[in-house]
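Biologist: I'd like to take a close look at a single part of this model, and I'm new to reading structures. Please go step by step and explain the terms as they come up.

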Amino acid sequence: MAPATTLDAQSQTIAVRSPSPWRRVAGRVARNIPGLVGFIVIIAFFATALAANFLAPYSYDKQDLNQIEKPPSIEHWMGTDSLGRDMLSRLIYGARSSAFVVILVTVVNLTLGIPFGALAGYFGGWVDNLIMRVTEILFAFPGLLLIFLIAATVRPAVLDWARANGLTELARSGYLDYAVVILALGTIGWAGLARFVRGQVLTVGQREYVMSAQATGVQTIRIIARHILPNALAPIIVSISAGMGFIALSEGYLSYLGIGLQPPNPSWGNIMADNAGRYWRTFPQFIWLVAIPGAILSAIVLAFAFFGDALNEALNPELADKF
Amino acid sequence: MAAFIIRRLVWMPVVLFFVSVITFLLGVYGPGDPVTVMVGLKANPETIQRIKEQYGLDQPPYQQYLNYIASALQGNFGYGLVKYRDQPVGRIIAERLPVTIQLNIAALIVGSVIGIPLGILAGLTRNSWFDYIMRFVSLAAISIPILFLLPFLTFIFSRRHDLVLNALNFQITLGPILPMVSGRWDGIFSAKVILPVFIMSLGYIAGLARLMRAGLIDTLGQDYVRTARAKGLRERVVIVRHAMRNALIPIATVLGMSLGGLVEGSFLIEPWFGIPGIGQLAVDALVSREYYIVVAFTLIVAVAFVFANMFVDLLYPILDPRIRKS
């Protein structure tokens, strides 16, 4: 009897002392300097997006033709553009556009990617085959090519449809551009997540507790939701964090190329494109008009990359050596 | 293994079919009625009818698709609609494709020459300060968007910098270190190419260095490396003949990946520097509603990508005999 009690007492003390796994992960991320900085930048990004209307000193589309192309000053911390609009305000509202797209596309990716990936991994057979073949076809287009194609071709169709149905005001407001960007990014984004989730489900699905749940007749949906997904959660979170940086970057590219968010709605990409031509002609007089939005976009993408990296190391310490 | 190859070969035409259908439907029918795109909303019915017949748009969509693919296989990708009106799309693309391919080959060479040795060095001096800096810089180089590098590096390298310190009565003029690409395109062997190729190769440098480092660390822990050391081979022979060779295998994937980078890279870099390549044309076409050019461009790049991935898949078992068995 005696050894059993000691063992019990020991396990109790361990239970009291060791923090929860999530706290341990948070601790490891906090010790990783680039990861911690990344996390702070991400929080600042979303906070700026939420509080854009309180933080911005001016409106993003208010033109002041007496203040054209002014360099950074006390009234305009980041200068003004060719229409006399305050750059700082435009950049702050740009954060809102970016965060809006990042969050909605992530929601689309999650609602499509997790169920499809889990179904493919759990059932196998023709379900798996069908879902995986669809993702392969989406991946047959290199890089952002299909995203560019969808955004460029669907946008005029959506705008024409809105005008034909008496939604001229909506078409003019530019909100439909957000819908087009989210549609284009969401069409592709779920596929990567689905493949990832499938791989995780395949690994976790072999564990004994899943088999015992199956043996005791637990419903399939319940097995997936309660037993498999929670145990595959850590790597999925890492892939979502990495994916958010990619979405922010893609939105920047689309808007820069003129097939994403359209002016006057502010997006870091279209602010750069707006100023790029003028920037070339008078090079390098107005460098801040292009370099600052570019630097901010880079900082966000880097922040997601380093945070994702730190999270990955914290969740799988044994893999840390292999990037 | 044979079954895997056969499955891949059978599946490839199916992928090509879906890729071409998606591209054709999105490009020709995505933006709405193609005739309206061509002539605008105010055209008279006779013009519309004439254009429909001329472009075969009065036929059912599947027939149009078949016609398009049949003529595309012969190099005829339709005609420009707006800015490049009545010019054959195939010829426009053929004129610009070599420029982009040359730039990308140059970037791949620069990337390999710099990236692979950096990765080997980092892998051999694992956890040293050099390794840490390399890991940080390569992750940064992968993550920093070309959108930022373009204005930033152009500013640093292609302009004259006047540094004036009045207090010290000191003045120095630096640069421009590299000439700017503007106006005329002088071919791949001019100094103007250095900056665009360097920006294009940054992704390769960082990607290859990371792959090479991870591969080397992996192979250095393998049994056959330990055996080679136990045989008393010199360290240099162990690394060059046993570890490095096997670490090079995953780099074959870079061949396939590179086409993905080509798309974003040339879309942004070519218009910025005024390089008359296929990326500049594609951006122009996307914005100016030249959908036949967009369709042709997407088809060509996507088909090349499918073939490149197929090639890499088939190359792997040749490079790595262990895969042949599984």
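Biologist: Which residues does G308(A) touch, not counting residues up to four places away in sequence?

Modeller: Happy to! This is a predicted model, in which local features need pLDDT of at least 70, side-chain atom pairs count only at pLDDT 80 or more, and totals for chains, interfaces and linings use all residues. Residues are numbered from 1 along each chain as its sequence is written, while chains are lettered from A and ligands numbered from 1 in the order in which they are written.

Now to your residue. Leaving out residues up to four places away in sequence, G308(A) touches V238(A), S241(A) and A242(A) (a contact means that the C-beta atoms of two residues, placed from the backbone, lie within 7 Å). G308(A) sits in helix α14 of chain A (helices are DSSP runs of H or I with at least four residues, strands are runs of E with at least two, and both are numbered from the N terminus). G308(A) counts as buried because 22 C-beta neighbours lie inside 10 Å (buried takes 20 or more other C-beta atoms within 10 Å, exposed 12 or fewer, partly exposed anything in between, with C-beta atoms placed from the backbone). To get a feeling for the scale, find F54(A): F54(A) and G308(A) are 254 residues apart along the chain, and 30 Å separates their C-alpha atoms.

Stay on the helix and look for V301(A), which is also placed in α14 of chain A. V301(A) has 23 other C-beta atoms within 10 Å and is therefore buried. If neighbours within four places in sequence are set aside, V301(A) is in contact with G245(A), A248(A) and L249(A), and also with S143(B) and P145(B) of chain B. M244(A) is 57 residues away from V301(A) along the chain, yet their C-alpha atoms are separated by 8.2 Å.

What else does the helix meet? The axis of α14 (residues 287–315) of chain A comes within 11 Å of the axis of helix α5 (residues 87–123) of chain A, and the two cross at roughly 30 degrees (axes are lines fitted to C-alpha atoms, for helices over the stretch in contact, and angles run from 0 to 180 degrees between N-to-C directions). So α5(A) and α14(A) are roughly parallel to each other (that is the word for angles under 35 degrees; over 145 is roughly antiparallel, 65 to 115 roughly perpendicular, and the rest oblique). The crossing of α5(A) past α14(A) is right-handed (the near helix is turned clockwise from the far one by less than a right angle; anticlockwise would be left-handed). On α5(A), the contact uses M87(A), L91(A) and G94(A), and on α14(A) it uses L289(A), I292(A), P293(A) and I296(A). Six residues of this contact are nonpolar, one is polar and none is charged (Ala, Val, Leu, Ile, Met, Phe, Trp, Tyr, Cys and Pro count as nonpolar, Asp, Glu, Lys and Arg as charged, and the others, Gly among them, as polar).

Let's step back to the whole chain. Chain A has 14 helices and zero strands. It has 323 residues, of which 43% count as buried. Among its contacts with a separation of 6 or more, 69% come from residues 24 or more positions apart.

V301(A) has already led us to chain B. In total, 43 residues of chain A are in contact with 40 residues of chain B. On chain B's side, α13(B) gives the most, with seven residues. That side is made up of 29 nonpolar, eight polar and three charged residues.

Chain B has 14 helices and two strands, and 37% of its 326 residues count as buried. Its helix α9 (residues 223–230) is hardly covered, with zero buried residues among its eight. After α9(B) comes G232(B), whose phi is positive, near 90 degrees.

Finally, how confident is the predictor? Chain B has a mean pLDDT of 81, and 89% of its residues reach 70 or more (pLDDT is the predictor's confidence in each residue, from 0 to 100). Among the elements of chain B, helix α2 (residues 34–39) has the lowest mean pLDDT, 68, and α5(B) the highest, 89. For the complex, the predictor gives an ipTM of 0.82 and a pTM of 0.83.
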